[in-house]
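Okay, thanks for squeezing me in, everyone. Let me put the structure up and then we'll walk through it together.

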Amino acid sequence: MVNLRINNRELAVAEGSTILEAARTNNIKIPTLCHYPDLGIQSDCRICVVEIEGQKGLATSCSTIVRDGMVVKTNSPRVLNARKTITELILANHDANCTACPKNLSCELQSLANKLGIDENRFQSVLTLSPLDEGNPALIRNPNRCIKCGRCVDVCKNIQGVGVLELMGRSHHLKIVPAFDHCLSDLFCTYCGQCAAVCPVGAITEKDDTDIVWRALNHHDKHVIVQVAPAIRVSLAEEANMNPGTVCTGKIVTALKLLGFDQVFDTDFTADLTIIEEGNELIHRLTSGGVLPMMTSCCPGWINFAEQHYPEILPHISSCKSPQQMFGALAKTYYAEKMGLEPANVFVVSIMPCTAKKYEAGRKEMRANEDLPDVDVVLTTRELGKMLRQMGIDFANLAETPFDDPFGITTGAAAIFGASGGVMEAALRTVYEVVNGEPLTNLDFTDVRGLDGVKETVVKLAEKPYRFAVANNLKNARLMAEAVKAGTSPYAFIEVMCCPGGCIGGGGQPYGTITKTRLDRIKATYQVDAAMPIRKSHENPAIAKLYQEYLDRPLGEQSHNLLHTHYHARRGKPNN
Amino acid sequence: MSLESILSKFTKAETNLLEILLQYQETKTDHAITEAEVGQIAAYLGVTETKVASVISFYTLLSMKPKGRYVIQVCKNIPCFVNEQTAITRTLEKILGIHAGETTANNLFTLEYTSCLGCCDNAPAMRIDGKIYANLTPDKVKAIISEYRGRSS
């Protein structure tokens with residue numbers, strides 16, 4: 001332990017702690033801006049400066065390690081003045097038109113300025129406006145709002161291992177941009193949106209598509225239906241200031257009905273369908289000498305990553321569309337026919353925890369009807385939160401409503417798609433029983449749950465042990481992809497989810513997601529699973545009915561046309 | 001020397017990036033590294049192009065913007081400034097017909113500012129292609145430029 005004094009309080013803290021950590025564990029508040037709990041120390045905003053006795057200059061508390069006998073002042077007049085000046089200087093180079101910013105009221109700079117009592121800036125603005133980077137369907141980069149904190153660079157490079165954004169130039173010329181000042185779409189961005197999730201201001205945000213949805217909802221000829229991804233039911237409550245990990249499935253349905261959607265469906269239904277198709281694809285590959293290991297295809301960030309970085313391994317990726325796109329394909333075929341609707345009049349909205357899903361929905365392959373996207377608009381959890389606030393919906397006090405038929409009956413296996421390892425677990429529940437012809441004694445494959453980067457389990461299929469793995473985030477996906485490319489991967493099947501923790505930690509989830517939030521949402525996810533009457537996809541009666549009525553059989557011709565797709569090697573802008 | 005032959009002298013370690021960039025830029029008459037070359041270097045070292053571009057952007061010695069054959073760097077630090085550096089820059093701008101940061105139409109000269117060249121005792125100073133010229137006056141500058149113009153013809 002190290003003994004030090006902060007603000008005249010004698011403290012004993014663990015060796016190697018920073019002053020910031022020492023202060024926070026003892027409930028002494030030091031404001032920060034570039035600091036983010038799950039990321040590395042940036043120490044470039046200088047907001048967290050403190051005074052250390054015997055030291056001439058102020059020190060950044062986030063990067064200064066405590067020493068025995070240190071005497072620290074976190075709120076001396078000198079410190080307060082420095083913090084205020086620094087914030088004013090940042091504001092002088094920031095497009096502070098707050099009401100025109102999507103981060104209004106959830107902006108960390110705004111809240112810092114408020115805490116520091118800044119009501120007037122002593123410095124004149126030096127901002128010169130730069131054009132926005134909005135040439136892609138998922139993310140908008142607004143350099144005029146960027147405060148150069150470096151969080152996005154850190155998450156993209158060090159957590160995701162992608163590195164599309166970097167610090168360019170130095171001093172007051174410093175900016176955070178992709179190489180050569182290109183747009184994100186010109187480079188190898190996967191649209192995972194983790195940059196948007198950690199940006200303290202509104203410099204990187206999802207492309208806001210709420211207006212298109214409002215227009216569709218007010219369009220009398222449109223039959224507007226919505227699907228809700230598995231991860232939304234454990235996160236949307238946070239948009240209404242409820243605790244992370246609050247399960248709010250029934251309230252979501254009520255809320256969406258209040259917004260005016262004609263039918264509210266569950267993406268869990270097509271998650272179950274994915275398990276049937278993907279499970280059968282795996283069995284087919286295992287028994288017919290197919291390309292192994294097979295890799296999952298639900299995650300569009302992962303698909304973008306693989307297409308751009310590992311085109312060699314595309315044959316390993318399951319040909320199954322993601323649950324979102326399986327839903328879209330069925331909505332504009334099976335559902336439209338069943339309801340006697342023109343496919344062009346069915347408007348499909350998805351609520352997703354994801355920014356890459358916006359890109360996925362726009363892909364040319366994702367069209368059951370020519371020139372008609374299967375999914376018309378993808379909204380992130382945050383955008384749905386915005387719509388609820390716009391309508392003045394008191395989410396916390398809503399009654400619960402079940403999902404509509406025919407895409408409403410789902411299983412626990414589908415519910416866990418949102419957590420890293422969930423797709424693998426759901427697949428194993430089905431593949432085990434189908435191949436071995438006997439019921440599983442324990443449905444919980446706990447080895448593949450949780451936040452570890454690479455998780456593994458061994459399951460016997462027809463007496464033979466097979467290894468299964470889960471890669472959690474793109475950095476670990478790269479490890480898997482390298483081994484697959486080299487032909488050294490020992491696995492039969494690999495799940496890849498691009499965002500840390502899986503979709504529950506997606507780039508479109510409520511702001512402020514940290515490890516603790518992820519764990520809360522994961523816990524809630526498995527609670528949803530445990531409470532479901534059916535927990536295996538192949539036991540979903542509605543899926544059986546769908547095959548009987550429309551699809552015929554897994555991997556059959558109709559499935560092939562509607563539920564499967566293919567991938568392309570590409571770099572930057574896709575050709576399609 | 002081609003980029004390939006320079007790359008082949010180095011192991012594929014990220015720590016070699018700066019040395020590769022310096023050596024390669026040295027071989028280029030326009031003193032600049034292109035996007036395609038950035039891509040080639042990045043692929044060789046197994047880093048992103050963004051990383052390579054970032055390193056180039058950090059050092060004033062390195063550039064991705066093509067420059068003239070002769071790069072004139074005028075010191076803009078305080079000792080040069082108080083010794084009439086602005087008159088030197090004005091003279092250069094007048095005889096070259098460009099502003100600081102620009103390149104002449106014939107691609108012969110680029111005029112730019114630099115930080116201290118370490119010649120404060122002989123201010124004002126400038127550097128052309130690594131060679132230092134100090135105790136400058138407008139007349140001296142005119143003579144120096146004429147000499148470089150003569151060299152190229």
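I'll talk about one leucine first and then about where two chains meet.

Just so we're clear, what you're looking at is a predicted model.

So, let's start inside chain B. Find helix α2, residues 17-26 of chain B, and you'll see B:L21 sitting in it. Is B:L21 buried or exposed? It's buried, because its relative accessible area comes out at 0%, and the cut-off for buried is under 20%. And who's around it? If we skip the neighbours within four places in sequence, B:L21 touches B:I33, B:I41, B:V52, B:V55, B:I56 and B:L62. For a sense of distance, B:A32 is 11 residues along from B:L21 in sequence, and the two C-alphas are 9.7 Å apart.

Okay, on to chain A and chain B. On the B side 12 residues make contact, and on the A side it's 17. People often quote interface size as the accessible area lost when the parts come together. Here that's about 1100 Å², with 57% of it from carbon and sulfur atoms. Looking at what chain B buries against chain A, B:E49, B:T50 and B:F58 supply 45%, more than any other three residues.

What about polar stuff? There are zero salt bridges between chain B and chain A, but six residue pairs are in polar contact. On chain B, the elements giving two or more residues to that side are α3 (35-45) and α4 (49-58). The largest share, seven residues, comes from α4(B). By class, that side of chain B has five nonpolar, four polar and three charged residues.

That's me done, thanks!

Definitions and conventions: Residues numbered from 1 in each chain as written. Chains lettered and ligands numbered in written order. Predicted model: local features only at pLDDT ≥ 70, side-chain atom pairs only at ≥ 80, totals over all residues. Heavy atoms only, no water. Helix = DSSP H or I, 4+ residues; strand = E, 2+ residues; numbered from the N terminus. Buried < 20%, exposed > 50% of the residue type's maximum accessible area, 1.4 Å probe, protein only. Contact = heavy atoms within 4.5 Å. Buried area = accessible area lost by both parts, 1.4 Å probe. Salt bridge = Lys/Arg side-chain N within 4 Å of Asp/Glu carboxyl O. Polar contact = N/O pair within 3.5 Å; in protein donor to acceptor, adjacent residues only side chain to side chain. Nonpolar A, V, L, I, M, F, W, Y, C, P; charged D, E, K, R; others polar.
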